[in-house]
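Subject: Structure handover

Hello,

Here is the structure for you to look over. My notes come right after it.

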Amino acid sequence: MKIWLNGKIVPEEEAKVSVFDHGLLYGDGVFEGIRSYNSRIFKLDEHLERFYKSARAIMLKISLSLKELEEAIIKTLRANNLKDAYIRVVTTRGVGDLGLDPVKCPSPTIFIIASKIQFYPRELYGKGLRLVTVPTRRSDIESLNPAIKSLNYLNNILAKIEATNSGALEALMLNRDGYVVECSGDNIFMVKNGTLLTPPISVGTLEGITRNVVIDLAQSFKINCLEPLLTRYDLYNSDEIFLTGTAAEIIPVTELDGRSIKDGKVGPFTKRLMLGFKELVNQEGKEYAL
Ligand code: PMP
């Protein structure tokens, strides 16, 4: 595998960062996960916009212009001869001393990995995922706003460990007030009486790119979509649940905390949106030639 690291394409074995990099020492940095489908990068502009916004929020200057970053991503895809890829773009505060002070990190590190990903086992897209609510609450907006896609993912990792300990692949996370926020690496939707519902950004949800795609798809299908405060009770009594994410795409949930959702089968709205999503990723996106 070839990695784009600080302006150069290098073999994986040579793609190394210092132990004094604050991305490693403190999780001081931001990242994006992007997909390409059949030589088209899906929602590239949206992902890059979020990347620059995350960096701005932590006062980290991205050393490349938007255009340069776009070119670097395509260069990485070409170097790895990938038509279908999961692309990880990462920038860190760079090398500093052992203190926290980012001022002592003069030069940010930036790298791009283009690879393959199969997030959840394929068969779960047909039969649905088992989800559990975990004790760890999603980071508070006023502490570390989940809107920032920072390298500090310990909040999500703790949730993931708790889910794994309960034999589930994904964790439902609530905020301090007990409202549904999202999962450790995915947004959540439910369907009730033909209406699509997802938690609002204001509860501390990452504004997922896939979440927005689903909201747009729903609109084009004339499905009403609302963003109210949601509790676990609402989810337990929903008709359908599914999760969204760049890696996961749209994956149905058929069981939550031991309750089967409706009849425990993947519902019609989920199926329709999954199909719509599949069509979209094959039509849209920034084209590149290998
Ligand atoms: N929430 C969290 C915490 C995530 O890490 C992700 C993955 N980026 C998502 C939601 C889904 O966002 P997206 O659709 O932009 O991948």
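What follows covers the sheet, the helices on it, a separate hairpin, the ligand site and one aromatic pair.

Keep in mind that this is a predicted model.

The sheet

Start with the open sheet. It has seven strands in the order 2-1-6-5-3-4-16, and the pairing is antiparallel. Its edges are strand 2 (8–11) and strand 16 (286–287), each of which pairs on one side only.

Strand 1 pairs with strand 2 over four bridges, in the antiparallel sense. One place to check the register is Lys2, whose bridge partner in strand 2 is Pro11. These two strands make a hairpin with two residues between them. Look at Asn6 there: its phi is positive, near 45 degrees.

Strand 1 is also joined to strand 6 by three bridges, again antiparallel. Here Ile3 has Ile113 of strand 6 as its bridge partner.

Further along the order, strand 3 (residues 29–37) pairs with strand 4 (residues 40–41). The sense is antiparallel, with two bridges. Ser36 stands opposite Ile41 of strand 4.

Helices on the sheet

Helix 2 (residues 44–57) packs on this sheet. The strands touched by helix 2 are strand 3, strand 4, strand 5 (85–92) and strand 16. The direction of helix 2 makes about 175 degrees with that of strand 3.

Helix 3 (residues 66–79) lies across strand 1 (2–5), strand 2, strand 3, strand 4, strand 5, strand 6 (109–115) and strand 16. Helix 3 runs at about 40 degrees to strand 6.

A second hairpin

Strand 8 (residues 170–174) and strand 9 (residues 180–183) form a hairpin of their own, with five residues between them. They pair over three antiparallel bridges. Leu172 has Cys183 of strand 9 as its bridge partner. In the turn, Gly178 has a positive phi of about 90 degrees.

The ligand site

Which residues are closest to the ligand? They are Lys149, Tyr153, Glu182, Thr210 and Thr246, out of 17 that surround it.

Three polar distances are worth a look:

- Glu182: a polar side-chain atom lies 2.6 Å from a nitrogen atom of the ligand.
- Thr246: a polar side-chain atom lies 2.6 Å from an oxygen atom of the ligand.
- Ile209: a polar backbone atom is 2.7 Å from an oxygen atom of the ligand.

On its own, the ligand has 380 Å² of accessible area; the protein covers 94% of that.

Glu182 falls within the residue range of strand 9 (residues 180–183), so please view the ligand and that hairpin together.The aromatic pair

The count of aromatic pairs comes to six. One of them is Phe31 with Tyr153. This pair is edge-to-face, 5.2 Å centre to centre, with 70 degrees between the planes. Phe31 lies in strand 3, and Tyr153 in the loop between strand 7 (129–133) and helix 5 (154–165), so the pair ties together parts that are 122 residues apart in sequence. Tyr153 is also among the residues closest to the ligand.

Best regards

Conventions. Residues numbered from 1 in each chain as written. Predicted model: local features only at pLDDT ≥ 70, side-chain atom pairs only at ≥ 80, totals over all residues. Heavy atoms only, no water. Pairing = 2+ DSSP bridges. Contact = heavy atoms within 4.5 Å. Axes fitted to C-alpha atoms, helices over the stretch in contact; angles between N-to-C directions. Near = heavy atom within 4 Å. Polar contact = N/O pair within 3.5 Å; in protein donor to acceptor, adjacent residues only side chain to side chain. Areas by Shrake-Rupley, 256 points an atom, 1.4 Å probe, with all protein chains shown as cover. Phe/Tyr/Trp six-rings, centres within 6.5 Å; stacked < 30°, edge-to-face > 60°.
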